[in-house]
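Reader: I'd love a close look at one part of this model, with enough of the surroundings to place it. Could you walk me through it?

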Amino acid sequence: MENHNEEAFRKLLKTVTPEIPEADFTQRVVNNVVVEMQHAAAIEELALKTLLKNMQPEQPSAAFTNDLLLKLQPAPKVIVYKPVISRKTWLWIAACITLALLVCLFIPGSQSDQPSQIISAIDSVARPSSLISDKMNKLPELYSFAIIGLASLMLFDYFIRLKTKRLAKI
């Protein structure tokens with residue numbers, strides 16, 4: 001029975017000819033679409049107008065303006081004062097000035113056999129002990145320079161090791 005129905009359907013398809021549309025078919029379809037779109041737009045516009053007329057605008061809270069102004073103000077900047085010259089630099093400056101003063105005191109004003117002023121000052125302080133003052137007068141000034149130079153190098157080494165955190169363990 002199915003075969004019979006299938007054959008009948010095939011014969012029917014062979015006998016049917018495709019419809020030929022009229023010449024103005026496309027124009028009529030386009031016109032209908034345009035009319036439908038205009039009608040939908042008019043309904044949408046009318047609905048929007050009635051919705052806007054019936055709707056009341058929301059009222060902001062009383063503190064809205066103040067809250068908004070507080071948010072717009074820039075946050076206060078915290079000013080951190082940093083010195084132009086750091087503490088370590090001041091220590092180096094003080095060490096250099098001290099070194100320069102000591103060098104000036106060790107160099108005598110004339111080439112006479114008088115001991116330098118620093119040795120004279122040490123001599124006056126150590127007057128009760130003639131053992132130290134006698135030996136200080138006999139030391140050449142070059143030894144004093146060597147002692148100051150070695151002390152400054154040791155101080156410099158200490159600060160470098162302190163900065164790199166590689167101090168020797170005692």
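To set the scene, how much area does the protein chain expose, and what share of it do carbon and sulfur atoms supply? After that, please take me to α4 and its surroundings.

Author: Happy to! Keep in mind that this is a predicted model. The protein chain exposes about 16,400 Å², and carbon and sulfur atoms supply 65% of that area. Of its 170 residues, 6% count as buried. The chain has seven helices and zero strands, so the pattern read along the sequence is α-α-α-α-α-α-α. Among contacts between residues at least 6 apart in sequence, 52% join residues at least 24 apart.

Now to α4, which spans residues 87–106. Its packing against helix α7 (residues 141–164) is a good place to begin. Two packed helices are described by the angle between their axes and the distance between the axes. Here the angle is about 175° and the axes lie 11 Å apart. Since angles over 145 degrees count as roughly antiparallel, α4 and α7 are therefore roughly antiparallel to each other. On the α4 side, the residues that meet α7 are K88, L91, W92, A95, L99, L102, V103 and F106. Their counterparts in α7 are E141, S144, F145, I148, L155, F156, F159 and K163.

There is also a nonpolar patch to look at on the surface, formed by V84, I85, W90, I93, I97 and L101. Together these residues have about 620 Å² of accessible area. One of them, V84, is found in the loop between α3 (64–72) and α4. V84 counts as exposed because its relative accessibility is 86%, and the cut-off for exposed is over 50%.

For the charged side of the picture, the structure holds four salt bridges. One of them joins E6 and R10, with the closest N and O atoms 3.3 Å apart. These two residues are four apart in helix α1 (residues 2–15), so about one helical turn separates them. E6 is partly exposed at 42% relative accessibility, while R10 is exposed at 52%.

K49 and E45 also meet in a salt bridge, at 3.4 Å from N to O. They too are separated by about one helical turn, because they are four residues apart in helix α2 (residues 25–54). K49 is partly exposed, with a relative accessible area of 47%, and E45 is partly exposed with 46%.

Finally, E22, D24 and R28 are linked in a network of salt bridges. Within it, the closest N and O atoms of R28 and E22 are 3.5 Å apart. R28 counts as partly exposed at 41% relative accessibility, whereas E22 counts as exposed at 51%.

Methods
Residues are numbered from 1 along each chain as its sequence is written. This is a predicted model: local features need pLDDT of at least 70, side-chain atom pairs count only at pLDDT 80 or more; totals for chains, interfaces and linings use all residues. Side-chain values use heavy atoms; hydrogens and water are left out. Patches are made of residues with over 30% relative accessible area and no salt bridge: like charges are joined within 9 Å, nonpolar side chains (Val, Leu, Ile, Met, Phe, Trp, Tyr) within 5 Å. Accessible areas come from the Shrake-Rupley method with a 1.4 Å probe; for residues, only the protein chains shown count as cover. A salt bridge is a side-chain nitrogen of Lys or Arg within 4 Å of a carboxyl oxygen of Asp or Glu. Buried means under 20% relative accessible area, exposed over 50%, partly exposed in between (1.4 Å probe, protein chains only). Axes are lines fitted to C-alpha atoms, for helices over the stretch in contact, and angles run from 0 to 180 degrees between N-to-C directions. Angles under 35 degrees count as roughly parallel, over 145 as roughly antiparallel, 65 to 115 as roughly perpendicular and the rest as oblique. Contact means heavy atoms within 4.5 Å.
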